[in-house]
Amino acid sequence: MFACVVFVAVGGRSLFFGRAGEQITCLIRGDVFRAMMRQDAAFFDCRENGTGALTARLATEAGDVNIVIGEALPSFIAGVASLIAGVAISFSHDWRLTLVILATLPCLILAFFLEGRSVYAATKAIKNAYAKASQEAAETVANIRTVATLTREHSFIAQFRANSQGPYRSALRNHFIASVGYGFAQSAMFLVYCLAFFVGSRFILKGYLDTEIMFNVMYAIIFSAIALGTMAQQSSAVTKALISAEALMETLQSVPVIDAHSTAGLVRSDVRGDLALDGVRFAYPSRPRASILRGVTMDVTPGQTVALVGPSGSGKSTVLALVQRLYDAPAGEVSVDSTPVVDWNVASLRSNLALVGQEPVLFDYSIAENIAYARPDATQPEIEAVARQANIHHFIAELPDGYATRIGQTGGRLSGGQKQRIAIARALIRNPRILLLDEATSALDSQSETTVQQALDVAAHGRTTITVAHRLSTIQNSDLILVFHNGRIVEQGTHDQLLALKGLYSLLVAQQSLEITH
Ligand SMILES: Nc1ncnc2c1ncn2[C@@H]1O[C@H](COP(=O)(O)OP(=O)(O)OP(=O)(O)O)[C@@H](O)[C@H]1O
């Protein structure tokens with residue numbers, strides 16, 4: 001009767017736990033991705049194996065946990081129930097023989113524990129190594145054009161093989177240990193059987209029990225040993241899931257310093273558009289010893305066009321990251337509309353800003369969806385209006401599918417200039433008070449640069465604009481030019497004032513004029 005109940009319970013588990021497991025997997029994945037979306041930039045910067053590997057890994061971790069919920073856990077529960085029932089029945093027949101047999105239990109448990117520990121350590125190493133190998137593979141496939149142009153396919157394959165060797169060897173070792181453990185678990189039943197026969201026959205000879213009782217105890221104990229074997233079979237799945245759960249919990253429990261989902265802080269849409277940095281010092285969390293900004297102070301009034309120029313690595317783009325509050329500066333203050341950015345509601349602050357970067361980041365959606373990405377409730381006429389301002393409407397209108405044209409992964413079916421103008425339209429759809437341009441034309445040829453520059457000039461009209469630029473010809477008309485060097489502003493003024501200074505700016509201008517004439 002009891003066996004039937006256990007059979008039905010175990011048999012029905014796949015129906016109930018399997019479905020529940022799938023649902024739980026989806027929920028865990030949902031929670032994990034929600035937790036990731038809340039994180040600040042520092043969380044992603046500090047990932048050893050990159051964000052792609054992290055995302056892929058977390059998705060499979062949730063699946064591993066499901067295996068335990070769907071299979072291992074019910075088997076484990078049924079196993080424990082069977083074990084307790086078997087031991088109880090055995091005790092009720094003869095406590096001495098039962099005690100002798102139970103004395104073997106600590107050895108079995110210790111063996112399973114040791115197997116679990118060594119599989120745990122190896123599995124963790126394998127997961128980390130595979131995460132690194134898959135990150136490189138994903139990056140290579142995503143950038144296949146560059147890889148093919150540089151004829152690096154073979155070296156990538158060799159590198160992937162080399163990266164996979166370590167995990168492969170660890171996996172072999174893991175399988176060996178798990179197989180020995182599995183064999184041990186399966187033979188445990190027969191070992192217990194032998195012991196019961198041996199000790200039972202001795203007890204019969206001494207007159208402690210008769211044959212019938214011995215067989216009753218034996219059957220009960222075998223029943224328990226089978227249960228123990230079933231539990232042991234699941235031990236490597238449980239071990240894997242424990243590691244997965246660790247990684248999931250790390251993400252779920254990490255509290256972002258800058259919480260994009262928080263409802264706290266100042267919410268405003270009628271922003272004037274002034275912006276200031278006061279004595280700002282900053283180092284990236286992944287490289288805390290490298291000072292990037294060393295006391296930057298700047299003041300931008302509403303509607304002003306300010307250019308940040310200077311040698312590569314001097315900290316210009318970092319200023320834009322701090323204005324968007326992707327990071328917090330440990331010293332000094334960044335403020336928008338006279339309110340420190342830390343007192344702003346993160347989402348509200350960002351909704352008043354728009355960034356156009358050097359490499360436009362577009363998605364494999366239609367052109368209309370890409371433009372409306374910054375404001376999903378935008379209407380078709382609004383989308384077309386910003387496309388006109390960005391100087392891209394005529395090109396889109398001539399496509400067979402017009403605004404419904406899908407642009408391929410990362411906008412691969414468009415030219416650099418077209419992608420950039422779509423990115424400008426996307427920035428404008430929010431009608432931001434502050435426009436941040438990070439070398440928005442530097443990746444373009446001179447003809448596209450002119451078209452995109454015209455679009456940017458229209459976009460900047462009536463807004464506060466901060467432009468990071470290498471080509472100094474594009475920023476000569478700015479209201480203010482700030483010259484960065486080694487994380488400090490070393491010169492500031494208009495183009496003419498800075499030329500008259502004959503300092504770093506005039507040197508940079510002279511260098512670029514030389515480059516053009518040669
Ligand atoms: N996420 C990051 N983590 C660690 N260091 C970073 C990160 N981003 C940038 N850096 C470093 O910060 C320094 C300043 O970078 P930043 O991009 O602000 O310079 P930049 O003046 O804009 O340079 P460029 O003109 O070449 O774009 C560089 O040394 C760079 O290596």
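Strand β1 (residues 275-282) and strand β4 (residues 331-336) pair up antiparallel, with five bridges between them. This is a predicted model, and that pairing is a handy way into an open sheet of four strands, ordered β2-β1-β4-β5. From there, we can hop to the ligand shell by way of helix α10, which packs on the sheet and gives the shell its largest share of residues.

**The antiparallel sheet**
- The pairing in this four-stranded open sheet is antiparallel.
- On the edges sit β2 (293-300) and β5 (339-340), each with pairing on one side only.
- Helix α10 (residues 316-323) packs on this sheet and touches β1, β2 and β4. Its direction makes about 115 degrees with that of β1.
- For a residue-level handle on the β1–β4 pairing, look at L275, whose bridge partner in β4 is V336.

**Around the ligand**
- The shell holds 13 residues, and Y284, S312, K316, S317 and T318 come nearest to the ligand.
- Three of the shell residues come from α10, the largest share.
- Sorted by class, the shell has seven polar, three charged and three nonpolar residues.

**Strand β8 and its neighbours**
- Strand β8 (residues 464-468) is mostly covered, with five of its five residues buried.
- T464, I466 and V468 point one way from β8, while T465 and T467 point the other way.
- Strand β3 (residues 305-309) runs parallel to β8 and is joined to it by four bridges; here L308 stands opposite V468.
- Strand β7 (residues 434-438) is also parallel to β8, this time through five bridges, and I434 stands opposite T464.

Methods: Residues numbered from 1 in each chain as written. Predicted model: local features only at pLDDT ≥ 70, side-chain atom pairs only at ≥ 80, totals over all residues. Pairing = 2+ DSSP bridges. Helix = DSSP H or I, 4+ residues; strand = E, 2+ residues; numbered from the N terminus. Contact = placed C-beta atoms within 7 Å. Axes fitted to C-alpha atoms, helices over the stretch in contact; angles between N-to-C directions. Near = placed C-beta within 6 Å. Nonpolar A, V, L, I, M, F, W, Y, C, P; charged D, E, K, R; others polar. Buried ≥ 20, exposed ≤ 12 C-beta atoms within 10 Å, placed from the backbone.
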